[in-house]
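Reader: Could you walk me through this model, starting with whatever looks unusual in the backbone and then moving outwards to the packing?

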Amino acid sequence: MTKIDTAMGLSRRSLLASGAALLATPMLSRRAFAAPTELTMLAWYGHAEPDIVTEFEAENNVKFIPKYYTGGDNMLGLISQSPPGTFDVILSDAEYVQALNAAGYVEELDPADYALDDYFPEFQQFPGNWQDGKLFSLVTRFGFLGVAYNTDALTEAEAANYNVFWDPKLTGKVGHFDWHLPNLGQMSLLNGNANPYDIDEAAWAGVQEKTMSLRPQVGGFFDYGGTFSSLNDGQMLAFCGIGDWITGVLEKNGAKVKSVIPEQGGLQWSECFSIGKGSAKADLAKKWIQYITSAKGQAKSAQMAAYPALIPNAKGWEVLQAENPDEAKRQGMTKDAGNAMDMIRAGRIKFREWPIQQDLETWNDFWSEYKGA
Amino acid sequence: MRRPISLYGLTFSLPLLIWQVLFFVFPLLFLVALSFWTVKNFVMSPDFDAVNWTTMYDRAVFWQAYGTTLALAAAASVLTSVLAFPASYAIAFKMSETTRRWAVFLMVIPFFTSYLVRVYSWQIFLSDNGIINVILGGIGLGPYQMLNTVGATMIGYLTLAFPLVVLLQLFSLVFIDRTLIEAAHNMRCGRLRTVFEVIIPSARTGLVIAALFCFILAFGDFVSPVYLGGGEPTTLSILITDTTKSGQQWPRAAVIALTMIGTLMVVAFAAVKFAYKGKSK
């Protein structure tokens, strides 16, 4: 017996050892086969889709469980109705970040944990991210809102002025993205208000009057899906209240639409990541924010399939230019003059924010009246 | 003499009672309570303040949306009933048993697909560059604006309610006593007169209930006014979404919802009363 074992090069001891090792293998490699840790993300659609999260999920054995919302109010509602710790990562529009802070829905962040030095200076101390010198969220992407138009119907020069919405050839063909803030902000810019959301009562009355004069031109008020389809099928030829975050997706798919920042200026939307208060996976959530705000993550975020965006990380611009120069050029994230940062620095872009001298409710009520007019 | 409630009877009626309490009475009471809550800085707090009621009822846009919704739903009920009646009449009186079964099956098929998908597919037909305008263009007509109009909203309501209205009308028509029709014919009553003086009065209950269902569906519908009507004119369902979009004003949305429920209850009671008028004592 021993002879046979030895002849085969297998002693009883080595057989037992091999067997034990074989049996223990699943235990030893347990980490590799462990079920991925679930990380909940509250965000706009697209942020937890495979094109964005697959790499991070694989590297960290994580599985994102997204909860998508359709607007800041919806987001606040979902957080306020859920127990603390429900959401590990929260994506918020910049104007809602302060509300998140005030309600205590997000954890404080340590600035040293993030590549803030790689950010353009304008975004290192981004308004809303900081409160009393403490960091609560980190801006991850942004975009501009101007005039979206059908390139068969209008030239870029024609569209580069908000007054184009009143053009008789667009009667019944002007669409509104159905949210008061961007639309009324643009009307405020058209009326020459340097700070479109910080306007006194006289200026507010002027904005209302100007907006009402546009009503006969309007063909409809659309949500996210309706905006896409009405621009795509040429039902609406010009759109107020949106920008490249919608036309960019359509343009990439061959639709004849584009966005332009008019001479009166454009608005800026911004999205920021935070860690949800009471998250049991705050370390992993931090890792995600580190990843998505890194140069590599930022380049990925800029090309998000759901909707493209500009990124605040200067090194992210370099990665994007190397990876996808066409998209970098299309979005204006190149070193060329007139790029996205130049527009901000030239003062052509204003933050989209909540009205300062009026209640948010006042603006919304007027918007309902405008729609019903 | 009233019979005592037996355990046997309770066994069958309790689930319905529990269902109604859990999923209708309780949410309704919560909605009533919610309409008196207040909102500050996006946070709702339990309160007993009539401010939401006064604010909403003082707004012209609310009453404008109310009138629009009422008119659209009433128009949809009439239009759907009128268009559905020839179909249900043909199925009930002109088709063989087998063909009728197939027709009923065909009326059920639309419910296999999401209403939202059906409405979206209408956009392909109705848009300026859509199928209908392309066909019309082929014979030198148009293009006509059909999408983002009240007419398109009405098509959406028809998509939603037409099959159901046909089925409800049909159930009423097939149970009409055929001897009444024969008697009418024997007395030299013409076909059209028979329809108006014998068939419609005999099927009144089913026809009214069918129209009522159409009214209820159209009155609360959000999809058609938004995706086919282009969000205008503003209906109450659109106003609810508008209200919740600003500052978490769910209590005000509750006021609109309660007004809608109240209206539907009044309309439903009136319709049922009319449907069964003179039928039972």
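**Backbone, packing and the chain contact**

Author: B:N148 counts as buried, because 30 C-beta neighbours lie inside 10 Å. Please keep in mind throughout that this is a predicted model.

Reader: Where does B:N148 lie in chain B, and what is the sign of its phi?

Author: B:N148 lies in the loop between helix 6 (131–138) and helix 7 (150–173) of chain B, and its phi is positive, at about 60 degrees, although the residue is not a glycine. Most residues other than glycine have a negative phi, and most peptide bonds are trans.

Reader: What about B:R188, is that one buried or exposed?

Author: B:R188 is exposed, because 7 other C-beta atoms lie within 10 Å, where the cut-off for an exposed residue is 12 or fewer. B:R188 also has a positive phi, near 65 degrees, in a residue other than glycine, and it sits in the loop between helix 8 (178–186) and helix 9 (191–202) of chain B.

Reader: And which peptide bond is cis?

Author: The bond from B:E232 to B:P233 is cis, with omega near 5 degrees. B:P233 belongs to the loop between helix 11 and helix 12 of chain B.

Reader: How many residues apart in sequence are B:P233 and B:L72, and what is the C-alpha to C-alpha distance?

Author: They are 161 residues apart in sequence, while their C-alpha atoms are 10.0 Å apart in space. B:L72 is found in helix 3 of chain B, and it counts as buried because it has 23 C-beta neighbours inside 10 Å. Leaving aside neighbours within four places in sequence, B:L72 is in contact with B:T153, B:A218 and B:T235.

Reader: Let me step back to chain B as a whole: how many helices and strands does it have, and what are its spans along the principal axes?

Author: Chain B has 13 helices and two strands, and its C-alpha trace spans about 75 × 75 × 30 Å along its principal axes. Of the 281 residues in chain B, 35% are buried. Among the contacts in chain B between residues at least 6 apart in sequence, 71% join residues at least 24 apart.

Reader: Why would you call helix 12 of chain B largely enclosed?

Author: Seven of its nine residues are buried, so helix 12 of chain B is largely enclosed by the rest of the structure. The buried residues are B:L236, B:S237, B:I238, B:L239, B:I240, B:D242 and B:T243.

Reader: What do those buried residues of helix 12 pack against?

Author: Within chain B they pack against helix 3, helix 10 (204–220), helix 11 and helix 13 (250–275), and they also pack against helix 18 (360–372) of chain A.

Reader: Since chain A has come up, how many residues of each chain are in contact with the other?

Author: On the chain B side 27 residues are in contact with 28 residues of chain A. Helix 3 (60–94), helix 11 (223–227) and helix 12 (236–244) of chain B each supply at least two residues of the side that touches chain A. That side of chain B divides into nine nonpolar, 14 polar and four charged residues.

Reader: Switching to chain A, which strands does strand 1 pair with?

Author: Strand 1 of chain A (residues 37–44) pairs with strand 2 (residues 62–69) in the parallel sense over eight bridges, and with strand 3 (residues 89–93), again in the parallel sense, over two bridges. A:T40 has A:I65 in strand 2 as its bridge partner, and A:M41 stands opposite A:V89 in strand 3. Strand 1, helix 4 (residues 50–60) and strand 2 of chain A make a right-handed β-α-β unit. Six of the eight residues of strand 1 of chain A are buried, so this strand is largely enclosed by the rest of the structure.

Reader: Which residues touch the most other members of the largest nonpolar core?

Author: That core has 102 residues, and A:L42, A:V89, A:A148 and A:A238 touch the most other members. Strand 6 (residues 138–150) of chain A gives the most to this core, with eight residues. The core draws at least three residues from each of domain 2 (37–136 + 270–331) and domain 3 (143–265 + 351–372) of chain A. Apart from this core lies another, of 58 residues, including B:V165, B:L170, B:I240 and B:A254.

Reader: And what does A:V89 touch?

Author: Not counting residues up to four places away in sequence, A:V89 touches A:L39, A:M41, A:F273, A:I275, A:G276, A:A285 and A:W288.

Conventions
Residues numbered from 1 in each chain as written. Chains lettered and ligands numbered in written order. Predicted model: local features only at pLDDT ≥ 70, side-chain atom pairs only at ≥ 80, totals over all residues. Core = buried A, V, L, I, M, F, W, Y, C linked by C-beta atoms within 7 Å. Buried ≥ 20, exposed ≤ 12 C-beta atoms within 10 Å, placed from the backbone. Helix = DSSP H or I, 4+ residues; strand = E, 2+ residues; numbered from the N terminus. Domains from an automatic or database assignment. Contact = placed C-beta atoms within 7 Å. Nonpolar A, V, L, I, M, F, W, Y, C, P; charged D, E, K, R; others polar. Pairing = 2+ DSSP bridges. Right-handed = clockwise from strand over helix to strand, strands pointing away.
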